[in-house]
Amino acid sequence: MARIAVVGAGMGGLAFAAAMRNSRHEVTVYEQASELVELGAGISLWANGTRLFDEMGIADAMAEQSCETEVAFFRNEDGSVAGSQLLARENWYRNAYGYPYYGAFRTHLQSALLEVVGRERIQLGKQLAGLDESVDEITLRWADGSSNRADLVVGADGIRSVVRQYVSPQAAPVFTGNSAFRGLAKTAELDKLPEPRSFTDWMGDGMHVLNFPVGKNFEYQTIVVFMDGPEKWQHEAWRVPADAESIRAKFHGWHPAVAQLLQHVNLAERWGMFQVSPMQSWHRGRAVLIGDAAHGMMPHHGQGAISSFEDAVALCHVLNDSRISSIAEGLARYQQERKARGEKIQQSSRSLNDCLHLPPGQARTERNAVLNSLDRHFSWLHSYKLGV
Ligand SMILES: Cc1cc2nc3c(=O)[nH]c(=O)nc-3n(C[C@H](O)[C@H](O)[C@H](O)COP(=O)(O)OP(=O)(O)OC[C@H]3O[C@@H](n4cnc5c(N)ncnc54)[C@H](O)[C@@H]3O)c2cc1C
């Protein structure tokens, strides 16, 4: 039996602890926050994530609380449809991938995971300051001066990971040159939305607005405004004040549904979008990275949390595999399975940003052909099955 210390009780850390619930290993999760509060309203959960829900013990809870969105629409500024892809309509997505797409509240996902993990396995108020490793074990040093020892540390501590500083000191979050504004609205208050049970990207030059329904009865819409710029992020903070009126003015002349969506977005708070630069290795000695710590990415594929689930379950498989004789062998196998895929999703999310923000012209016409055959272009993403 190994003592496994997970740093971070976010999406990846909780998913790992949930998947490990019946393992012979002893798993403890350490979280810097003094209470678990989930930021952000809704989350898109594609089939490569929902196919793992049984193993994570959350399949029933999520089926009870999420909606199955009907269609993904891509619309121009004036609302005309540039491309579309069936999802639950005609049962297309389940037929194609065997598992559903869900629009869910992040709080529901977090509660479902916490229920499986059990709060007694999570220690709050533990901020990792550093790691020291000897031949036999690894020591976690906490900011409060205390320490714990473990056989393996799983760095699930997000995009500003302290575990990553140990694993790959030169890797860092890099500003992508893009920012976002977020909101949540009751669907009933958005009477101008043409398809409230569908996922819509409203695309313009250098920016787009995304809305998708969440909750069992499609009762809320998650809204995100994505924008190119600023060129540089000269702040320590991830969220900074913005001039709401000048942001709103950029959408002048767009479809009336967009103006209505914007009323529910906090345009006075701009989120910088960062991604983690690729690194040589996701593990060093007795420490390994999962989730945003390993491959923090732009959110356009809706894959950040889901790829942390893929990492979590893959790591769980190698650690529970009796044919794998050492932690070092298990971590090498984990990296072989996950690193190339994580980096591919990262790159694809970056390219999708540019694709959604094209100016009018020939490139848009070519893009729209892709948007109308999305399943062909992105089936590698949604049909993925773990090879370990
Ligand atoms: C606008 C936006 C929309 C998104 N939409 C989607 C979506 O629809 N679908 C999707 O799959 N993904 C989406 N994502 C991405 C997703 O939220 C992240 O990829 C996901 O939360 C990553 O999980 P994680 O566990 O790696 O990190 P996190 O969830 O960030 O968790 C990290 C945890 O570690 C803790 N921690 C950090 N440092 C320390 C420390 N030193 N000591 C102890 N604890 C520490 C933190 O407090 C936190 O609890 C979106 C992201 C953004 C910005």
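1. Start with what packs around helix α1 in this predicted model. The cover over its buried residues includes β1 (3–7), β2 (26–30), α3 (53–56), α6 (106–117), β11 (152–155) and α11. The helix is mostly covered, with nine of its nine residues counted as buried. Reading along α1, those are Met-11, Gly-12, Gly-13, Leu-14, Ala-15, Phe-16, Ala-17, Ala-18 and Ala-19.

2. Two of those α1 residues turn up again in the largest nonpolar core. This core has 97 residues, and the members touching the most others are Val-6, Ala-15, Phe-16, Val-153, Val-154, Val-163 and Leu-315. Helix α11 gives the largest share of this core, 10 residues. As general background, nonpolar side chains in soluble globular proteins tend to be buried together. There is also a second, separate core of six residues, with Trp-271, Met-297, Ile-345 and Leu-381 among them.

3. If you want one residue to click on in the big core, try Val-154. Setting aside neighbours within four places in sequence, Val-154 is in contact with Ile-4, Val-6, Val-7, Phe-16, Val-288, Ile-290 and Leu-315. Phe-16 in that list is one of the buried residues of α1.

4. Now the ligand. Which residues are closest to the ligand? They are Gly-8, Gly-10, Gly-12, Gly-291 and Gly-304, out of 33 residues that surround it. By class, the shell divides into 15 nonpolar, 13 polar and five charged residues.

5. Where in the fold does that shell come from? At least two shell residues each are supplied by α1 (11–19), β3 (42–45), β12 (173–186), α10 (292–295) and α11 (304–320). Helix α11 makes the largest contribution to the shell, at four residues. So α11 deserves a second look, as it also gives the largest share of the 97-residue core. 

6. The pairing of β3 is simple to follow: β3 and β6 run antiparallel to each other, joined over four bridges. Phe-105 of β6 is the bridge partner of Gly-42. Strand β6 (residues 102–105) is covered on both faces. Tyr-102 and Ala-104 are buried on one side, and Gly-103 and Phe-105 are buried on the other.

7. There is an open sheet of eight strands with mixed pairing, in the order β5-β4-β13-β14-β15-β12-β17-β16. Its edge strands are β5 (81–86) and β16 (239–241), and each of them pairs on one side only. From one strand to the next, the twist averages 20°. Inside this sheet, β12 pairs with β17 (residues 269–276) in the antiparallel sense, over six bridges. Val-174 has Gln-275 in β17 as its bridge partner. Strand β12 also supplies at least two residues of the ligand shell.

8. The other sheet to check is an open one of three strands, ordered β8-β9-β10 with antiparallel pairing. Strands β8 (128–133) and β10 stand at the edges with a single partner strand each, so one side of each lacks a neighbour in the sheet. The twist here averages 20° from one strand to the next.

9. Within that sheet, β9 (residues 138–142) and β10 (residues 147–150) are joined by four bridges. Ile-138 stands opposite Ala-150, and Arg-141 stands opposite Ser-147. The two strands form a hairpin with four residues between them. What is the sign of phi at Gly-145, in the turn? Phi there is positive, about 95°.

10. Some backbone details are worth checking by eye. Asn-91 is not a glycine, yet its phi is positive, about 60°. Asn-91 sits in the loop between β5 and α5 (92–97). Is Asn-91 buried or exposed? Asn-91 counts as exposed because it has 12 C-beta neighbours inside 10 Å, the cut-off for exposed being 12 or fewer.

11. Phe-218 is another residue other than glycine with a positive phi, near 60°. Phe-218 lies in the loop between β14 (207–214) and β15. With 19 C-beta neighbours inside 10 Å, Phe-218 counts as partly exposed, since buried would need 20 or more.

12. Last, a cis peptide. The bond from Gly-229 to Pro-230 is cis, with omega near 0°. Pro-230 is in the loop between β15 (220–228) and β16, and β16 is an edge strand of the eight-strand sheet.

Technical notes
Residues are numbered from 1 along each chain as its sequence is written. This is a predicted model: local features need pLDDT of at least 70, side-chain atom pairs count only at pLDDT 80 or more; totals for chains, interfaces and linings use all residues. A residue is near a molecule or strand if its C-beta atom, placed from the backbone, lies within 6 Å of it. Ala, Val, Leu, Ile, Met, Phe, Trp, Tyr, Cys and Pro count as nonpolar, Asp, Glu, Lys and Arg as charged, and the others, Gly among them, as polar. Two strands pair if DSSP finds at least two bridges between them. Axes are lines fitted to C-alpha atoms, for helices over the stretch in contact, and angles run from 0 to 180 degrees between N-to-C directions. Two residues are in contact if their C-beta atoms, placed from the backbone, lie within 7 Å. A nonpolar core is a set of buried Ala, Val, Leu, Ile, Met, Phe, Trp, Tyr and Cys residues joined through C-beta atoms within 7 Å.
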